[in-house]
Amino acid sequence: MVHKVQSVMVVDDEQLDLRMMQRSFAAFEDCMTLEQVQGSDGALGAIQQSRPDLLLLDIAMPGTSGFELLSQLRGQDDADRPVVIMLSSSEDPNDIERAYELGAAGYIVKPTTLDGYRELASSVSCFWGRQVVRPN
Amino acid sequence: MPKDRQRLLNALFNDTPEAIVIADHERCIVDINPAFERVLGYQLEDLAGKPTSILYADGQIFHQTGAKVFNEGTDANRSSVLYFRYRRKDGTLFPGRTLGMRLQDDAGKVFGFVGVINDLSALVGDANLHGEGFPTEIGASERALVNALFEKMPGILHACDEDGVIHRVSQTWLDRMGYTASEVLGRTPWDFMTKESAERSRIGIQEVWRTGHRHRIPYTFIAKSGQPVEIELSATLDTSQGQRMALVLLEDVTQRNATLRVLEDRNQQLRDFARAAAHDLQAPLRHISLFAEMIAEDNKKGDTAAVADHAAELIASTQRLNAMVRGLLDFTLTNQAQVLPEPCELAALLERTSEALGATIQDTGAQVHIGEMPAVICDPSLMERVLVNLLSNAVKYVAPGTVPQVQVSASVETDWVELVVADNGIGIPELFRERIFEPLRRLHGPDSDYPGSGIGLALCKRIVLAHGGSIWTEPGQNGSRFHVRLPGTKPC
């Protein structure tokens, strides 16, 4: 049995970024659900509880950063852990390298336009929600 | 031995212009020739039975060089030419070129020593200056030039032989390393280097004998004071005196290296900082652009409420960006600011700080208690900014509804003053107690109750470090305690 990516969780400290994600993913409700978590404080607990298929994880968060969360996730011996795509407002080469070193499946620079957000939601939904299959 | 030989030897001993001294196996003088009496001013009865070391200007040199060569020498070293300064009976000094010989019987047992001393003062100049003369085969004008080079040129120079023994050292060498000539001559450069440098240099000097030169090799010497002296060594091979010598120039790069290290450090900080700044400035910029777009979209739809909403958020993002740019500028300027420390009364600084924060303190109803304050050595305008940041943080980071209570106290140690700002705020989790001092690292997001630029504590740390002090935070009974250590005014 295989299944497709259905549940997405976005972890970001910025209200606006969460709102933009919500707005843009709303058009793809038929194939994906989006759960929002603001800030990194309760993120690990929320991930363990909701067990999303795909995690969109902001890097620059106050307190525990996205990278720290990613390493904590990787440290867990859990075959069911989510695919992680890192989000950042910059194309810092060091950050990009570190993201993949820590086992992220992708690195997305946050869009600066509304169209950019629509395109992000559309491509993530089409690829991860319609094409990719995951072990059950 | 032929009869003539005996007569010849006697004539030689008595008539030669070179001073000859004969000592027994314990190095006690048994005979001197008439030339010796003339050159050194002694009669045999002055010296008979006395150790030869009394002839040297510096007994130490003799033990380090002469005794070593003569005692430890193999057959090949039964005779050696050495350069020493000698002391005449009247106390004056002169440079001498000495042919020293060990007298051995057929079984190899040493039964005495002979020294043939050539007074070089006419060629070398005043021996009461430091250093010793080079061999005599070059002319007086060249000699004067060589002397000037070693005595007057501001270069750190020495010349050493194949065993590394230093035969000549420049005045600048002695001044820089803090030694006298007699402490250096006859020893090796390796005696004055760090262990690591000495090991490398012992191997490196072979390069001089092999290729004739070395170019700017970094080594570390240790001055007499114990201070490291970083140098770059260049050397060239000289055989003009009939002996292979390394002429060595040491370029003092201690200051340059220290500056380079500071610059490197500073550059790294700037790179990190520019990266963090570019990264963090992008977030509010992106928000501004998104809000503007949403305003345009919602305006088309005629949704005025949404437009007003987005406009308010756009303004908030602009203000955030503004605060960050100001903070960055502040931080950069502080980074470049020169620290001008002077004795300052902490009490007066705190008073000015409280005045500057008057509105904030009044708005929050905060109670700020300032204990007895000593004087410290600091730059008052920079330290005031540290205090402004610490006090405003103490007032700002409290749970909603809590009246901020801030306690400022100080304790004096031998040469330090430790200032403590204690609050009743929300505290800082252990994980973050160090990183809150990094620029742009914040514990609270822009949507939290605690907005800020992420610069304040980084600024504090930068300033305190520039004063040679330290800053850290610990949990208090409730809230946090920020500690600042500064140099006190009491002499150490």
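Which strands of chain B does helix H9 (residues 195–211) lie across, and at what angle does H9 run to E8(B)? The points below take up this and other features of the model, which is predicted.

1. Helix H9 of chain B. This helix, residues 195–211, lies across E8, strand E9 (228–238) and E10 of chain B. Its direction makes about 160 degrees with E8(B).

2. The sheet under discussion in chain B. E8, E9 and E10 belong to an open sheet of five strands, with the order E7-E6-E10-E9-E8 and antiparallel pairing. At the edges are strand E7 (166–169) and strand E8 (213–222) of chain B, each paired on one side only. Between neighbouring strands of this sheet the turn averages 25 degrees, direction ignored.

3. The E6/E10 pair. Five bridges join strand E6 (residues 156–160) of chain B to strand E10 (residues 245–252) of chain B, in the antiparallel sense. B:Ala159 has B:Leu247 in E10(B) as its bridge partner.

4. B:Arg216 on the edge strand. B:Arg216 sits in strand E8 of chain B, a strand that pairs on one side only. Is B:Arg216 buried or exposed? B:Arg216 is exposed, because 11 other C-beta atoms lie within 10 Å and a residue with 12 or fewer counts as exposed. Leaving aside neighbours within four places in sequence, B:Arg216 is in contact with B:Glu232 and B:Ser234. From B:Arg216 to B:Ala235 the C-alpha to C-alpha distance is 8.4 Å, with the two residues 19 apart in sequence.

5. Chain B overall. Chain B has 15 helices and 17 strands. Of its 492 residues, 33% count as buried. Among contacts in chain B with a separation of 6 or more, 53% are between residues 24 or more positions apart.

6. Nonpolar cores. The largest nonpolar core has 40 residues; those touching the most other members are B:Val386, B:Leu387, B:Leu390, B:Leu391, B:Val421 and B:Cys460. Helix H14 (residues 380–396) of chain B supplies the largest share, nine residues. Beyond its neighbours within four places in sequence, B:Cys460 is in contact with B:Val386, B:Asn389, B:Leu390 and B:Ile471. Another core, of 38 residues, lies apart from this one and includes A:Val5, A:Val84, A:Ala99 and A:Val124. In soluble globular proteins, nonpolar side chains tend to be buried together.

7. A sheet in chain A. Here too an open sheet of five strands is present, in the order E3-E2-E4-E5-E6 (chain A), with parallel pairing. Strand E3 (33–38) and strand E6 (106–109) of chain A form the edges, each pairing on one side only. The twist from one strand to the next averages 20 degrees. Strand E5 (residues 83–88) of chain A pairs with E6(A) in the parallel sense over four bridges, and A:Met86 has A:Tyr107 in E6(A) as its bridge partner.

8. Helix H2 of chain A. Helix H2 (residues 43–50) of chain A packs on the sheet and touches strand E2 (7–12), E3 and strand E4 (54–58) of chain A. The direction of H2 makes about 175 degrees with that of E2(A).

9. Contact between the chains. How many residues of chain B are in contact with chain A? There are 19, in contact with 17 residues of chain A. The side of chain B that touches chain A consists, by class, of seven nonpolar, six polar and six charged residues.

Methods: Residues numbered from 1 in each chain as written. Chains lettered and ligands numbered in written order. Predicted model: local features only at pLDDT ≥ 70, side-chain atom pairs only at ≥ 80, totals over all residues. Pairing = 2+ DSSP bridges. Helix = DSSP H or I, 4+ residues; strand = E, 2+ residues; numbered from the N terminus. Axes fitted to C-alpha atoms, helices over the stretch in contact; angles between N-to-C directions. Contact = placed C-beta atoms within 7 Å. Buried ≥ 20, exposed ≤ 12 C-beta atoms within 10 Å, placed from the backbone. Nonpolar A, V, L, I, M, F, W, Y, C, P; charged D, E, K, R; others polar. Core = buried A, V, L, I, M, F, W, Y, C linked by C-beta atoms within 7 Å.
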